Amino acid sequence: MMTIADLPEYLETLTRRLENLEIELSVLKKPEAIETSIDINEAARFLGMKRQTVYQKVCNRKLPFYKSGRLLRFYKSELDNWLKGRK
């Protein structure tokens with residue numbers, strides 16, 4: 001149970017935690033921190049492959065991808081990691 005004597009320490013802890021949260025939020029608000037997905041054409045261009053090759057790799061679960069309804073979506077950072085893992 002907290003007493004009145006514990007309040008200053010408790011408030012200091014809360015203040016520190018709030019400051020840390022503000023820092024984290026400011027990083028998340030930066031546009032470069034938010035990656036947008038790309039479509040199959042952009043993914044093929046990024047990977048230096050034909051669209052059909054990308055479709056085959058998706059079908060065989062060889063590439064990281066997401067589906068948005070019927071559309072395939074990719075993240076460049078994941079494709080880049082995939083390329084690095086192949087070397």
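**First stop: helix H4**

Select Asp80 and Lys84: the pair sits in helix H4 (residues 76-86), 4 residues apart, about one turn of the helix. You are looking at a predicted model. Now show the side chains. Asp80 and Lys84 form a salt bridge, with 3.4 Å between the closest N and O atoms. How exposed is each partner? Asp80 is partly exposed, at 29% relative accessible area. Lys84 is exposed, at 54%.

Stay in helix H4 and pick Lys76. Lys76 is partly exposed, with a relative accessible area of 42%. Show what surrounds Lys76. Setting aside neighbours within four places in sequence, Lys76 is in contact with Glu35, Ile38 and Phe46. Add Thr36 to the selection and draw a distance between C-alpha atoms. Lys76 and Thr36 are 40 residues apart along the chain, yet their C-alpha atoms are separated by 8.6 Å.

**Second stop: helix H2**

Move to Ala43, which is placed in helix H2. Is Ala43 buried or exposed? Ala43 has a relative accessible area of 0% and is therefore buried, the cut-off being under 20%. Which residues does Ala43 touch, beyond neighbours within four places in sequence? The contacts are Ile38, Phe74 and Leu79. Select Phe74 next. Its C-alpha lies 6.7 Å from that of Ala43, although 31 residues separate the two in sequence.

Now step to Ile40. This residue also belongs to helix H2, which covers residues 40-47. Ile40 is buried, with a relative accessible area of 9%. Highlight its partners. Not counting residues up to four places away in sequence, Ile40 touches Arg51, Val54, Tyr55, Leu72 and Phe74. Phe74 thus appears in the contact lists of both Ile40 and Ala43.

Keep Ile40 selected and add Arg17. How far apart are the C-alpha atoms of Ile40 and Arg17? The separation is 42 Å, for residues 23 positions apart along the chain. Set that beside the pair Lys76 and Thr36, which are 40 residues apart along the chain and separated by 8.6 Å.

**Third stop: helix H1**

Go to Glu12 and Arg16. Both lie in helix H1 (residues 7-29), 4 residues apart, about one turn of the helix. Show their side chains. Arg16 and Glu12 form a salt bridge, the closest N and O atoms being 3.5 Å apart. Arg16 is partly exposed, at 45% relative accessibility. Glu12 is partly exposed too, with a relative accessible area of 49%.

You have now visited both salt bridges, since a search of the whole structure finds 2. One is the Glu12 and Arg16 pair. The other is Asp80 and Lys84.

**Fourth stop: the loop before strand S1**

Select Arg61. Where does Arg61 sit? Look in the loop between helix H3 (51-59) and strand S1 (66-68). Check the backbone of Arg61. Phi is near 60°, a positive value in a residue other than glycine. Arg61 is exposed, with a relative accessible area of 63%.

**Last stop: the whole chain**

Zoom out and colour by secondary structure. The protein chain has 4 helices and 2 strands. Follow the chain along the sequence and the pattern reads α-α-α-β-β-α. The radius of gyration is 22 Å, well over the 12 Å that the globule rule gives for 87 residues, so the chain is more spread out than a compact globule. Turn the model to see its extent. The C-alpha trace spans about 70 × 30 × 25 Å along its principal axes.

Colour by accessibility next. Buried residues make up 16% of the 87 residues. Ala43 and Ile40 are among them. Switch to a surface view. The accessible surface comes to about 7,400 Å², and carbon and sulfur atoms account for 55% of that area.

Then colour by charge. The chain carries 17 positive and 12 negative side chains. The centres of these two sets lie 20 Å apart.

Finish with a contact map. Take contacts with a separation of 6 or more. Of these, 46% are between residues 24 or more positions apart. The pair Ala43 and Phe74 is one you have already seen, in contact and 31 residues apart in sequence.

Note on methods. Residues are numbered from 1 along each chain as its sequence is written. This is a predicted model: local features need pLDDT of at least 70, side-chain atom pairs count only at pLDDT 80 or more; totals for chains, interfaces and linings use all residues. Side-chain values use heavy atoms; hydrogens and water are left out. The radius of gyration is taken over C-alpha atoms; the globule rule is 2.2 Å times the number of residues to the power 0.38. Buried means under 20% relative accessible area, exposed over 50%, partly exposed in between (1.4 Å probe, protein chains only). Contact means heavy atoms within 4.5 Å. Accessible areas come from the Shrake-Rupley method with a 1.4 Å probe; for residues, only the protein chains shown count as cover. Lys and Arg count as positive and Asp and Glu as negative; His and the chain ends are not counted. The place of a charge is taken as NZ of Lys, CZ of Arg, CG of Asp or CD of Glu. A salt bridge is a side-chain nitrogen of Lys or Arg within 4 Å of a carboxyl oxygen of Asp or Glu.
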